[in-house]
Amino acid sequence: MQTHDIVVIGAGPAGLAAATTAAGFGLSVLLIDDQPAPGGQIYRNVERAEALGHAAGLGADYRRGASLTTALRASGVIYLPGWQVWQIEPEGRLFANADGRTEEIGWRRLVIAIGALERAVPIPGWTLPGVMTVGAAQILLKTGGVLPDEDVWIAGSGPLPLLYAAQVIAAGGRIGGFIDTRRSANRWRALAHLPGALRNWPYLQKGIATTRILRRAGIPRITEVDAVEAVGAERLTSVRWRQRGVWHEQKAGGLLLHEGVVPHVHMTMSLGCTHDWDPVQRCFRPRLDDWGRTDTRGVIVAGDAGGIFGARAAEIRGKLAALGAAAELGKVPLQERDRQAAAWRRELAAHVAIRPFLDHLFAPPPSLLAPADDVVLCRCEGVTAGQIREAVDLGCLGPNQAKSFTRAGMGPCQGRICGLSVTTTIAAARGVSSAEIGFYRVRPPLKPLTLGEVAALLRDDVPT
């Protein structure tokens, strides 16, 4: 088993920044990522897009990723693309596999930078073919230049649907319309946080500009919507929405859903790190100090895996995580650590200041977080919200008991999609907070693997 000073998991903005910064301090660094190329979701496929001249159409923010990947290539970091981490042990080792090969890897410090997941939006019909998330559609756009048909609609709220629609228009495509689930009351709640948002005025300008792009393109935008349904038998045929108490329906060949993103906490949950419920972002996130350290020795979290603050903030948090780890490992004196961190923290504060404004502005309507009994929550096992509520009536107290009652969370996604929905549904049924209910107990393997991959650990011919 080879041991590295720092192992970074995830090659998005936080992971790239953490790995290259740590290497700059003379540490031995291994970067593991399950994607075939660096960039994460926000900078997905950026190197190829730059080489083909397609990156400009996705915006200046997207092209920033090219500078991060260039720095990685020149840093001396050992980079393993296409590898999946399936178990992490707090004693300082992890297991990862690729193409049937399994490796045991040692670490002195571990930086988890696996980013965020899109919040699941369990609505009637969301499991129909033709329904997917905005993030998934954006992956198709970035990796293969795939544009939606003109009868594809977006339903939800947040910066990502607006950005995706603008990217589609810039690439010569079009969408059928945008069903905006943001409530007008959100604007008044967000106004209290406007002074902080103004510290990042360029970001606000981009949001305004994106909205104007949709308006100039003549994309219908339907507001004051509090319920959405996907309609169809074998596949999606239309989308329905309720606006001011009146139902409307429109033929649709596709429906893209989005209600924000949440930290990807499966790895930190599996390690037993303490997590807190964020009542504004309505999700769990690991409890971190100013350097991204968890309460599990040697385990650090950088970027959106530790709380949603955006790509630029994730990059800075990756740098701070690496700097803190370098100081712990004796590569940087504490006084020098604090001096270098000061400028990064000032920059980070400007990016973070806008977050409360965005969180309140794009908070999902409560009606979407309380699905009807016949709506599927756990896609893998076909468990409905009603079955979860019935389990509560029978004495189920939390998600882990719900597994025994219903098998919710026991499918291939291991609760990544349904976890928060099950938590909030149980909490509402019991009349307690989601913080009290908690999350699934996450066990290894973190990703599905074959018996052959496990057996590979016992073979002498597997290099380490």
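Which residue in β5 does Gln87 stand opposite? Phe95 is the one, and the points below fill in the surroundings.

1. **What you are looking at.** This is a predicted model, in which local features need pLDDT of at least 70, side-chain atom pairs count only at pLDDT 80 or more, and totals for chains, interfaces and linings use all residues. Residues are numbered from 1 along each chain as its sequence is written, and side-chain values use heavy atoms, with hydrogens and water left out.

2. **Overall build.** The protein chain has 17 helices and 21 strands; these are DSSP runs numbered from the N terminus, with helices being H or I of at least four residues and strands being E of at least two. The radius of gyration is 22 Å, which agrees with the value near 23 Å for a compact globule of 464 residues. That radius is taken over C-alpha atoms, and the globule rule is 2.2 Å times the number of residues to the power 0.38. Along the principal axes, the C-alpha atoms fill a box of roughly 65 × 50 × 40 Å.

3. **Inside and outside.** Of the 464 residues, 52% are buried (buried means under 20% relative accessible area, exposed over 50%, partly exposed in between, with a 1.4 Å probe and protein chains only). The accessible surface of the protein chain is about 20,100 Å², and carbon and sulfur atoms account for 53% of that (Shrake-Rupley method, 1.4 Å probe; for residues, only the protein chains shown count as cover).

4. **Contacts along the chain.** Take the contacts between residues at least 6 apart in sequence: 66% of them join residues at least 24 apart. Contact here means heavy atoms within 4.5 Å.

5. **The β4-β5 hairpin.** Back to the opening pair. Strand β4 covers residues 84-89, and five of its six residues are buried, so β4 is largely enclosed by the rest of the structure. Its antiparallel pairing with β5 (residues 93-98) runs over five bridges; strands count as paired if DSSP finds at least two bridges between them. The two strands form a hairpin with three residues between them, and Gly92 in the turn has a positive phi of about 110°.

6. **Just after the hairpin.** Asp99 sits in the loop between β5 and β6 (101-112). With a relative accessible area of 84%, Asp99 is exposed. Thr127 is 28 residues from Asp99 in sequence, and their C-alpha atoms are 30 Å apart.

7. **A parallel sheet.** Five strands make an open sheet with parallel pairing, in the order β8-β15-β9-β10-β11. At its edges stand β8 (131-133) and β11 (221-222), each with a single partner strand, so one side of each is left without a neighbour in the sheet. Further in, β9 (residues 152-157) and β15 (residues 254-259) run parallel and are joined by six bridges. Within that pairing, Gly156 stands opposite His258.

8. **Two glutamines to compare.** Is Gln167 buried or exposed? Gln167, in helix α5 (residues 159-170), counts as buried at 4% relative accessibility. Leaving aside residues up to four places away in sequence, Gln167 touches Leu58, Gln138 and Leu141. Gln387 belongs to helix α13 (residues 385-393) and counts as partly exposed at 35%. With the same sequence neighbours left out, Gln387 touches Gly382 and Thr406. Ala325 is 62 residues from Gln387 in sequence and 46 Å away, C-alpha to C-alpha.
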